[in-house]
Amino acid sequence: MPSLTTRRPRAGTTLPRLIGVLVVLAALLAAPLPARAAEPPAPLVVVGFSGVRWSDVSAEATPALASMSEGAIGTVAVRSVFTAACPADGWLGLSAGRRATAFDGTSAEHAAAACEPVADPVARGTTTVQPDFAEYRRIAEGDTFSAEPGTLGQALADAGTPTLAVGPGAGIALAGTDGTVPRHVGDADTPAAVGGHVQDALESGTRVVVVDAGVVRDPEDLPADETAPASSRAEQVAAVDEVVAAVQRAVAASTGADATTLLAVSLADAGRTAHLQFGAATGPQPGAGDYDGLLGSRSTRQTAIVQTTDLTPTVLALALGSDHGTPGLVGAPVTSTDAGTPAGDREEKVRDLDAAAQAVQPLVGPFFTVWGASQIVLYGVATLALRRAWGGHRGRRRVLAWLRALTVVFGAVCASTFLANTIPWWRHGDSTGSHLLAVTGAVALYVAIITALALLGPWRRAALGPLGFVGFVTAAVLAVDCATGSRLITSSLNGLQPVVAGRFYGLGNQQFALFATGSLLFTIAVADRLVRSGRRRAAVATVAGLGLVATYVDGVLGSDFGGPPAILPAFGFLTLVVAGVRITWRRVVVILGATVLVLAAISVADWLRPVDDQTHLGRFVQTLVDGGAWQVVERKAAQNLRILYGNWLLSLVLALAAVFIAFVLVRRKVLGVSVLRRAYERHPVLKPGLACLLVLLGIGFAVNDSGAAVPAVGAMLAVPLITACCTRVLDEDLPDAEGEPARA
C-alpha cells in the first residue's frame with residue numbers, strides 16, 4: 001500500500017531553486033520586446049479663428065467651411081474666464097489647456113471693454129518671442145483656474161516636434177512658457193501666402209502647423225468701448241473661409257487630405273453674447289480611424305459639443321501620442337462618433353445646439369425671478385389659507401383642495417422644466433417672446449400631467465402621497481437623464497448651459513438640489529407608510545437602500561463631487577431614526593467620518609481610471625495632487641458670495657424658505673393651527689425626515705461652488721409639497737356630511 005506522506009525537500013535546496021526561478025522570471029519580464037518600427041504621427045494643421053458659428057456657414061457663401069462636413073463636425077464652447085471670450089482668450093486657452101484671459105480686470109469692466117488685437121511675435125536677437133506673453137502669465141497667476149500659458153508650445157518643444165505658427169494668434173498657441181516661438185511667419189497677408197507657408201512647412205517635415213485665419217466681430221453686438229469693423233459680419237466670415245480654403249489646398253498638394261489631420265475651430269465669440277462656435281475636423285483622429293460624424297470629447301460627454309480646452313490635449317495626442325504625459329490639462333482629446341450620419345442631419349444637429357442655447361439664455365433669469373417671486377406669494381397664501389376657515393366646513397374643504405392642487409403644481413414645475421426639452425420648443429419662432437410662449441407651453445403641459453397623476457393616482461388619499469410621487473418623478477427624471485447622456489438637462493430652464501461651459505453632463509448644483517430633495521421626499525413617504533404598517537425593518541432597509549442608490553446616481557452617474565457629502569449623512573441619520581436609534585454626537589461623528597471615507601474611495605477609484613475616462617471626482621483628486629486645492633476652495637467661496645450679494649431675490653427666497661422650514665420643525669403652531677402636530681403624530685417619519693432635509697441642504701450649501709443655490713432650489717420643491725401634506729391633514733379632520741371626521 002503506497003504511503004500518503006510525501007518526502008519533504010530540504011530547505012537548503014528549496015530556497016536556491018526558488019530564487020533561481022524568480023531570477024529567470026524577472027529576466028523574462030524585463031527583457032525588451034522585439035523592437036517594432038513606430039509609425040510617425042500624421043501631420044497636424046490647426047486653423048483657428050473667432051466669431052464663426054454654424055449659422056454663418058453655407059455652401060454658397062462659405063464653401064470651404066461647408067466642405068469640412070466631409071469629416072466630423074461639432075460646436076465649440078469657448079467660455080473663458082469671462083462670459084464672452086475675446087480672440088486672445090481663445091488662443092490662450094489653446095496655449096494653456098485651461099481657461100485663461102488677456103484682460104486684467106473685473107467682469108463688469110470686461111463687459112464694456114474692447115477686445116484688444118493680438119500682437120504678432122517679434123524678433124529679439126536670435127529668437128522670436130510673443131511680446132505680451134509675460135503679461136499673460138502674470139494675469140493667469142492672479143486667476144483661480146491654474147492656467148499656465150505656454151503649456152502646449154513647451155510640451156511640443158521638449159519633444160522636439162517641428163512646428164510653425166502662421167499669424168499672431170498662432171504665436172500665442174505655440175509659444176513656450178518663456179514666450180519663445182520656435183518658428184513663426186507673420187508676412188502671410190493673403191490667403192495664397194498662408195497656403196504657401198503651410199505647404200512649404202508640410203513638405204519640409206513640419207509636424208504641427210497652427211494658422212490664425214482671422215477675426216470676426218459682430219458690429220451689432222460689440223462692447224461699448226469697441227469700434228465696429230469696416231466690413232460686415234458676412235464679409236469677415238467670407239475672409240476666414242478664403243484662408244481655410246487656401247490651407248485645404250496646401251494640405252491636398254503636400255501630404256494629401258487623408259494623410260493630414262485638419263482642425264478648423266472658432267476659438268472666441270464675435271461680441272458680448274456667448275455662442276457655441278464652429279468646429280470641424282478631417283483626417284486621422286486620436287486613437288484609430290479618421291474623423292467622421294460628430295465631434296465629442298470625454299470632458300463634455302455630449303455629442304457635437306467640445307470645449308476650447310479640449311483642443312490642447314487633442315494637439316498633443318495627435319503630435320506626441322495619446323500618452324503624452326503633459327500635466328495640468330482639464331480637457332480631453334476630441335474624437336468623433338456617429339460615423340456615417342448624413343451631412344444634412346449633422347449640420348441640423350449642430351445648428352440646433354446653438355439655437356437651443358441661445359433661446360434659453362435670455363429666459364433663465366426671468367424664469368428664476370418669476371419662480372422665486374411666486375414662491376414668496378405662495379408662502380403668504382398658504383399661511384392665510386391654513387389659518388383661516390372661510391365658508392364653514394364645505395368652504396374650508398374647497399379652499400384646502402385648491403391650495404393642495406396649487407402647491408402640487410408648484411412642486412411639479414421642477415421636473416417639468418427638464419421634460420420640456422423633449423419638445424423642441426426653441427424651433428418655434430425666432431424671438432425671445434415666441435420662445436417664452438413655446439417653453440411656457442411645454443412646461444405647462446408636463447405640469448398638468450404630473451399634477452393630475454399626483455392628485456388622481458392611488459396615492460392621492462395619503463397625506464404624503466403627492467409629496468412622495470412628485471419627489472419620485474423629479475428624482476427619476478434626473479437619474480434617467482444622467483444615465484442616458486444629460487440631454488434634458490442641457491439648455492433647459494433649470495439645467496446646464498453649454499455656453500457657460502461650467503459643466504456639460506451629470507448633476508450641477510441646481511440639479512443636485514432637486515434630485516437629492518426629491519429622493520429624500522420619496523424616501524420619507526415610503527418609509528412612513530412602512531413604519532405605520534408595522535414593518536420597521538423593511539423601512540430601515542428601504543431608507544438605507546434608497547440612500548445608496550441616490551449616492552450612486554449623484555456621485556457616479558451624475559459625476560457630482562459635492563453631492564454625496566450631503567446625501568450620505570441625511571440618509572444615514574434618517575436610517576438611524578427609522579431604526580429607533582437615538583442620535584448622539586458619537587454617532588454623528590461616525591456617520592460624517594464614513595461619508596468622508598466613502599467619498600474618498602469613490603474619488604480615488606475614479607482617479608485610478610484612465611485619464612480619458614475620469615469624471616469630475618477623479619479630476620478633483622488630480623487637482624489635490626497638483627496642489628491646486630486652495631484655488632478650488634477660493635473659487636467656490638467667491639462664487640457663493642457673488643451669488644448671495646448679486647441676486648437679492650434668490651437670497652430672499654433662501655432666507656424665507658429657511659425660516660419657513662425651521663418654524664415647521666421648531667414652532668409647530670406658527671401657522672395658528674395644530675396641523676403640524678397632527679401631521680407629526682400621524683406620520684412619525686415626517687419630522688425627522690424634514691430635519692434630515694435641513695442637513696442635506698445645509699451641507700450642500702457648504703461644500704458646493706455656487707452652493708447658495710442648493711437650499712433655495714431645494715426649498716422650491718420641498719416647501720410646496722410639505723404644504724400640500726398639511727392641507728390633506730386638515731382636510732382629514734374636517735367633518736363629512738354626517739358630522740364625522742373624514743378620516744374616521
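Trainee: What volume does the largest cavity have?
Mentor: Keep in mind that this is a predicted model. The count comes to two cavities of 30 Å³ or more. For the largest cavity, the volume is about 50 Å³.

Trainee: Which strands and helix each supply at least two residues of its lining, I mean the lining of the largest cavity?
Mentor: Start with the residues themselves: the lining is made of Leu263, Val265, Ala280, Ala281, Leu295, Val306, Leu311, Thr314 and Val334. Now match them to the elements that give at least two each, and you get strand E8 (261-266), strand E9 (276-282) and helix H10 (311-320).

Trainee: How do the residues lining the largest cavity divide into nonpolar, polar and charged?
Mentor: Thr314 is in that lining, and Thr counts as polar because it is in neither the nonpolar nor the charged list. The whole lining comes to eight nonpolar, one polar and no charged.

Trainee: And the second largest cavity, how many charged residues are in its lining?
Mentor: That cavity holds about 30 Å³ of space. Its lining consists of Arg53, Asp218, Asp221, Ala270, Gly271, Thr273 and His275. Arg and Asp count as charged, and by class the lining has one nonpolar, three polar and, for the charged residues, three.

Trainee: Which cysteines does the disulfide join?
Mentor: The structure holds one disulfide, with an S to S distance of 1.9 Å. It links distant parts of the chain, 29 residues apart: one end is in the loop between strand E2 (72-77) and H3, the other in the loop between helix H4 (107-112) and strand E3 (122-124). Both cysteines are buried, and the pair is Cys86 and Cys115.

Trainee: Is that link of Cys86 and Cys115 left-handed or right-handed?
Mentor: Look at the angle about the S-S bond, which is -65°. That makes the link of Cys86 and Cys115 left-handed.

Trainee: Why does Cys482 count as buried?
Mentor: Buried means under 20% relative accessible area. Cys692 meets that cut-off, so it counts as buried at 4%. Cys482 also counts as buried, because its relative accessibility is 9%.

Trainee: How many residues of helix H3 are buried?
Mentor: Helix H3 covers residues 87-96 and is mostly covered. Among its buried residues are Pro87, Asp89, Trp91 and Ser95. Gly97, with a positive phi near 75°, follows the helix. The buried count for H3 is ten of ten.

Trainee: What percentage of the protein chain's residues count as buried?
Mentor: The chain has 24 helices and twelve strands. It exposes about 32,300 Å², with carbon and sulfur atoms supplying 61% of that. Of its 744 residues, the buried share is 52%.

Conventions: Residues are numbered from 1 along each chain as its sequence is written. This is a predicted model: local features need pLDDT of at least 70, side-chain atom pairs count only at pLDDT 80 or more; totals for chains, interfaces and linings use all residues. Side-chain values use heavy atoms; hydrogens and water are left out. On a 1 Å grid over the protein atoms alone, a cavity is a set of points where a 1.4 Å probe fits but cannot get out, and a pocket is an open set with protein on both sides within 12 Å along at least five of seven lines; lining residues have an atom within 4 Å of a point. Grid points are joined across faces, edges and corners, and a volume is the space filled by probe spheres set on the points. Helices (H or I, at least four residues) and strands (E, at least two) are DSSP runs, numbered from the N terminus. Buried means under 20% relative accessible area, exposed over 50%, partly exposed in between (1.4 Å probe, protein chains only). Accessible areas come from the Shrake-Rupley method with a 1.4 Å probe; for residues, only the protein chains shown count as cover. A disulfide is a pair of cysteine sulfur atoms within 2.5 Å.
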